[in-house]
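Hi,

Here is the structure I promised to pass on. Have a look at it first, and my notes on what turned up follow below.

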Amino acid sequence: MSIFKELNDIKLDVSEFEETALSEHEEKRLLKRVNQKLTPRKTKRKWLGVSMALVAATILSISLTLDKGTIASMPFVGKPIEEYINEINTPDYSPYKTAIGETTENDLGKLTLNEVMMDDQKLFLSATFEPAEHVEFDYQTVITPKVKINGENYTFTTGSQSIEINNEMFAIYNDIKFTQPIATENVTIELSYDTWDTTTAVEEPWTFQTVVSQQKLLAEKKIYEMDKEMTLKNGEIVTIEKVVATPISTTIYFDLSQSSTEEVNFRIESANGIVHEGGTSYRSNESGEISYTEYVSIGEGHYFLVAYNANDGTVLSEPIPIN
């Protein structure tokens, strides 16, 4: 009988032996010795074959997992809010935005809420709309939400814009101006996209609810209380109430109720002569209504307000310092 056969039949109790792990050096030395005993060419083919099989199996597994339905349900990262505010010189408002990425669906299609951002008395929304096959939609059609902030409706004005991304997707932008500032650091936002093309009601609105923080925005916001009466050339009075500056915008709030005209505009001039023209404006000389002109954030520095007539550009008063 072969000695090897006898050795195979021996019963050993290995529990009394302590298992000791090889050191990293010993592992490398042992592997080197094994590799030297193997035929390099055959070994290479063998491991290459195993690797390719594993890769093929992995790809097949991913393909089976990410079926058509799964891919369709993956949220699309839409256009950022910054492009709505300034498409040419796009700023970076990442510290002040909140990413959402939630999708709701009805018979009209899927709406994904991508981002929200609070500003002074204002909310910006970025969403992506995927119309259903039977729905006709283009850049001229807008979707508008009703908004509640901390359970209350503060909506004053609403702006909307639709931008075609491709044949099946559209960027939906909205900005909602509030009647008063929102002072809480954590803001509960309820959205109900219930209006189609400004007048048509959506039977099953797309709804979202989220909580965002405006702690950083509030910490950096500056309020310049003006309460400055400005006499126009015709003797009428315009009262500049305040200027609010945030990292996102600079807004002038003023009262035209003692003026017979709404054709009063403002521009901001820096001490070194740089002129900033207004962007979004709302003007009303109705009693109790506050007008405003909003700019992209003008940054730090010494600035002056200049009022002028919107018709002929005639300056109506001396520059007023913002301080």
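Let me start with a small one: in which loop does Val315 lie? Val315 is in the loop that runs between strand 16 and strand 17. Bear in mind throughout that this is a predicted model. With a relative accessibility of 35%, Val315 counts as partly exposed. Its C-alpha atom is separated by 9.1 Å from that of Lys233, a residue 82 positions away along the chain.

Strands 16 and 17 come up again in the pockets, so those are next on my list.

The largest pocket holds about 330 Å³ of space. It is lined by 19 residues, and the ones closest to its centre are Lys222, Tyr224, Ala245, Gly299 and Glu300. Strand 9 (222-231), strand 10 (237-245), strand 16 (303-309) and strand 17 (320-322) each put at least two residues into that lining. As for its make-up, you'll find nine nonpolar, seven polar and three charged residues there.

The second largest pocket comes to about 270 Å³. Here 17 residues do the lining, with Lys122, Phe124, Asp175, Thr280 and Glu294 closest to the centre. At least two residues each come from helix 5 (81-85), strand 3 (122-131), strand 5 (155-166), strand 6 (169-178) and strand 15 (291-296). Strand 15 has the largest share of this lining, with four residues. Sorted by class, the lining has seven nonpolar, six polar and four charged residues.

What about closed space? Rolling a probe the size of a water molecule over the atoms shows where empty space is left. There is one cavity of 30 Å³ or more, and its space is about 40 Å³. The residues lining this cavity include Met118, Asp119, Asp120, Gln121 and Lys122, along with Phe178, Pro181 and Ile182. Gln214, Leu217, Leu218 and Lys221 are also part of the cavity lining. Strand 2 and helix 6 (215-220) each give at least two residues to it. The lining splits into six nonpolar, two polar and four charged residues. Lys122 is worth a second look, as it is among the residues closest to the centre of the second largest pocket and also lines the cavity.

Now for the core. In soluble globular proteins, nonpolar side chains tend to be buried together. In this model the largest nonpolar core has 39 residues, and Met118, Leu123, Ile189, Leu191, Tyr193 and Trp206 have the most contacts inside it. Two or more core residues come from each of helix 5, strand 2 (109-119), strand 3, strand 4, strand 6, strand 7 (186-196) and strand 8 (200-213). Which strand gives the most to this core? That is strand 6, with six residues. Met118 has turned up already, since it also lines the cavity.

The aromatic rings gave me plenty to look at too. The whole structure has twelve aromatic pairs. One of them is Phe137 with Phe170, an edge-to-face pair with 4.9 Å from centre to centre and 70 degrees between the planes. Phe137 sits in the loop between strand 3 and strand 4 (143-149) while Phe170 belongs to strand 6, so this pair ties together parts that are 33 residues apart in sequence. Are these two rings buried or exposed? Phe137 is buried because its relative accessibility is 11%, under the 20% limit. Phe170 is buried as well, at 3%.

Another pair is Phe156 with Tyr282: the ring centres are 4.9 Å apart and the planes stand at 80 degrees, so this one is edge-to-face. Phe156 in strand 5 and Tyr282 in strand 14 (residues 281-282) are 126 residues apart, so the pair links distant parts of the chain. Both count as partly exposed, Phe156 at 31% relative accessibility and Tyr282 at 23%.

Beyond single pairs, Phe129, Phe137, Phe170, Trp196 and Trp206 are linked by ring pairs into a cluster. Trp206 is also one of the residues with the most contacts inside the core.

Last, two lysines sit over rings. The charged end of Lys177 is over the ring of Tyr292, 4.7 Å from its centre. For Lys242 the ring is that of Tyr253, with the charged end 5.1 Å from the ring centre.

Cheers

Note on methods. Residues are numbered from 1 along each chain as its sequence is written. Side-chain values use heavy atoms; hydrogens and water are left out. On a 1 Å grid over the protein atoms alone, a cavity is a set of points where a 1.4 Å probe fits but cannot get out, and a pocket is an open set with protein on both sides within 12 Å along at least five of seven lines; lining residues have an atom within 4 Å of a point. Grid points are joined across faces, edges and corners, and a volume is the space filled by probe spheres set on the points. Ala, Val, Leu, Ile, Met, Phe, Trp, Tyr, Cys and Pro count as nonpolar, Asp, Glu, Lys and Arg as charged, and the others, Gly among them, as polar. Rings of Phe, Tyr and Trp (its six-membered ring) pair if their centres lie within 6.5 Å; planes under 30 degrees apart count as stacked, over 60 as edge-to-face and the rest as tilted. Buried means under 20% relative accessible area, exposed over 50%, partly exposed in between (1.4 Å probe, protein chains only). A charge sits over a ring if NZ of Lys or CZ of Arg is within 6 Å of the ring centre and within 35 degrees of the ring normal. A nonpolar core is a set of buried Ala, Val, Leu, Ile, Met, Phe, Trp, Tyr and Cys residues joined through side-chain atoms within 4.5 Å.
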